[in-house]
Amino acid sequence: MTRQIDLINISKTITSFEGVTNADMLPLGRRSEVLSVLSKTCPDWKFPVHPTHPDRGGVVSEQCHLEFYIPDDEPILMLGLDVYTGDDAVVMGVIRSICQATGWRAFDPAEEELIDFAN
């Protein structure tokens, strides 16, 4: 089963996604900036991840398979991330490294919660 995670840019003072509106969300950056960050922070980064999907980048390794939807919109407000396989510690480690490098936040839409990497 695929797990979905969204990467967003909201204030660190926001501790719950409840009540967050589009006005609270800041851009992640221009498409070229987002691609650059992902290529620097993700081990085994590949873009595009499949020739048939030019809007998807990913991390495909023996440890995990993650794919990011990279929209053409400028600036990018949110990245959708599909987790296909991988040990939870490895997957969360990749996502945590992106968030630490950028200040972005990870949101789990299934749980309707921001992911707290400290706990």
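A disulfide is counted where a pair of cysteine sulfur atoms lies within 2.5 Å. In general, a disulfide is a covalent bond between the sulfur atoms of two cysteines. The model on display is predicted, with local features needing pLDDT of at least 70 and side-chain atom pairs counting only at pLDDT 80 or more, while totals for chains, interfaces and linings use all residues. Residues are numbered from 1 along each chain as its sequence is written, and side-chain values use heavy atoms, with hydrogens and water left out.

**The cysteines**

Begin by selecting Cys-64 and Cys-42. The closest cysteine sulfur to that of Cys-64 is in Cys-42, 8.8 Å away, which is too far for a bond. Cys-64 is buried, at 2% relative accessibility (buried means under 20% relative accessible area, exposed over 50%, partly exposed in between, with a 1.4 Å probe and protein chains only). Next, select Cys-99: its closest cysteine sulfur, in Cys-42, is 10 Å away, again too far for a bond. The count of disulfides is zero.

**The sheet**

Now display the strands (DSSP runs of E, at least two residues; helices are runs of H or I, at least four; both are numbered from the N terminus). Seven strands form an open, antiparallel sheet in the order 2-3-4-5-1-6-7. Strand 2 (45-46) and strand 7 (113-114) are the edge strands, each pairing on one side only (two strands pair if DSSP finds at least two bridges between them). Select strand 1 (residues 3-8) and strand 5 (residues 78-86), which are antiparallel and joined by six bridges. Within this pair, Leu-7 stands opposite Leu-79.

**The core**

Keep Leu-7 and Leu-79 selected and add Leu-38, Leu-66, Phe-68 and Ile-95: these six have the most contacts inside the largest nonpolar core, which has 26 residues. Such a core is a set of buried Ala, Val, Leu, Ile, Met, Phe, Trp, Tyr and Cys residues joined through side-chain atoms within 4.5 Å. Helix 2 gives the most to this core, with six residues.

**A buried glutamate**

Finally, select Glu-67 in strand 4 (residues 64-69). Is Glu-67 buried or exposed? With a relative accessible area of 5%, Glu-67 is buried. Add His-50, whose side chain forms a polar contact of 3.0 Å with that of Glu-67, and Arg-56, whose side chain does so at 2.9 Å. A polar contact is a pair of N or O atoms within 3.5 Å; within protein, one must be able to donate a hydrogen and the other to accept it, and residues adjacent in sequence count only if both atoms are side-chain atoms.
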